[in-house]
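Visitor: Please give me a close look at one part of this model, the loops. I would also like to know what surrounds them.

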Amino acid sequence: MNILVIEDEYRLAEALTESLKKEGYQADAACDGNAGLDLALSGRYDVIILDLMLPGMDGYQVLKHLRKEKVRSATIILSAKSELDDKIAGLDCGADDYLTKPFQMKELFARIRAVTRRQGEICEDILSFGGLSLNIRTFVLSSQATSHTLTLGAKEFQLLEYLMRNPRQVISRSQITEKIWGYDSEVEYNNVDVYISFLRKKIRHTKACVEIKAVRGVGYCLQEAGGAL
Ligand code: CA
């Protein structure tokens, strides 16, 4: 699971990312609102831990922007602002939870578990695009037009899930590498190409009118077959 910490207190940001990594999460940090927004807009974070008082764009603005762009990462505000009105404003901007500083790391972990659990319950079991359906619990890929079904391997599944959640968008090889193999991973871009070719074969087998188009020098885009990008 990928977590983004947007926090301008350098020491706290570092302590948070280190603790998160120890807990088994992949964590990145940004130390101002604009840098945080740029990272968060990639859509590759499952959870964002967001401070409110930040240099540049403040936390409320970051959150409003993300929700406007339909980035659905679960967001926990972590702020020294402890007034009821601050909490209400944060939740109304689209935060999923609000924790005030000072806080205990174990409470933050519990809240991360809670928001991701909730997110998992809300999200449907089936992702669909262009007649192609992917069951996110069983990894079964099927076509609505034919009865062809097949089961994906774990990496193939993660890759296709990522593409299906971001259809008609060019996703770079580095975004894919970070999302599937993690930020520090030494996986070569070549691996991405290999998994894409596996997926293409399987998608062709379902006969769904969907293709993974290569965008030269950048990455890939899931689109309706024959569609112009
Ligand atoms: Ca701050």
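Guide: A loop is placed here by its neighbours, helices and strands, which are DSSP runs: H or I over at least four residues for a helix, E over at least two for a strand, numbered from the N terminus. The model is a predicted one. By that count the chain has 8 helices and 12 strands.

Begin with the loop between β5 (97–100) and α5 (105–122), where P102 is found. The peptide bond joining K101 to P102 is cis, with omega about -5°. Most peptide bonds are trans, and most residues other than glycine have a negative phi.

The second half of that remark leads to two further loops. F139 sits between β7 (132–135) and β8 (140–143), and its phi is positive, near 65°, although the residue is not a glycine. F139 counts as partly exposed because its relative accessibility is 24%, and the class of partly exposed runs between 20% and 50%. R168, in the loop between α6 (154–165) and β10 (171–172), is another non-glycine residue with a positive phi, about 60°.

Earlier in the chain, G43 occupies the loop between α2 (33–40) and β3 (47–50). With a relative accessible area of 29%, G43 is likewise partly exposed. From G43 to N190 the C-alpha distance is 23 Å, over a sequence separation of 147 residues.

β3 ends at residue 50, and D51 is one of the residues that coordinate the calcium ion. The donors are D8 (OD), D51 (OD) and M53 (O), at 2.1 to 2.3 Å. Along the chain they follow the spacing D-x42-D-x1-M. Two of these residues fall into separate accessibility classes: D51 is buried because its value is 3%, under the 20% limit, whereas M53, at 46%, is partly exposed.

As for the surroundings, 45% of the 229 residues in the chain are buried. Of the contacts with a separation of 6 or more, 55% involve residues 24 or more positions apart. The C-alpha trace spans about 55 × 35 × 30 Å along its principal axes. A compact globule of 229 residues would have a radius of gyration near 17 Å, and the chain, at 19 Å, agrees with this. About 11900 Å² of the chain is exposed, 49% of it supplied by carbon and sulfur atoms. The chain carries 30 positive and 32 negative charges, and the mean positions of the two sets are 7 Å apart.

Note on methods: Residues numbered from 1 in each chain as written. Predicted model: local features only at pLDDT ≥ 70, side-chain atom pairs only at ≥ 80, totals over all residues. Heavy atoms only, no water. Donors = N, O, S within 2.8 Å, 3.2 Å for Na, K, Ca; no water. Buried < 20%, exposed > 50% of the residue type's maximum accessible area, 1.4 Å probe, protein only. Rg over C-alpha atoms; globule rule 2.2 N^0.38 Å. Contact = heavy atoms within 4.5 Å. Areas by Shrake-Rupley, 256 points an atom, 1.4 Å probe, with all protein chains shown as cover. Lys, Arg positive; Asp, Glu negative; His and termini not counted. Charge placed at Lys NZ, Arg CZ, Asp CG, Glu CD.
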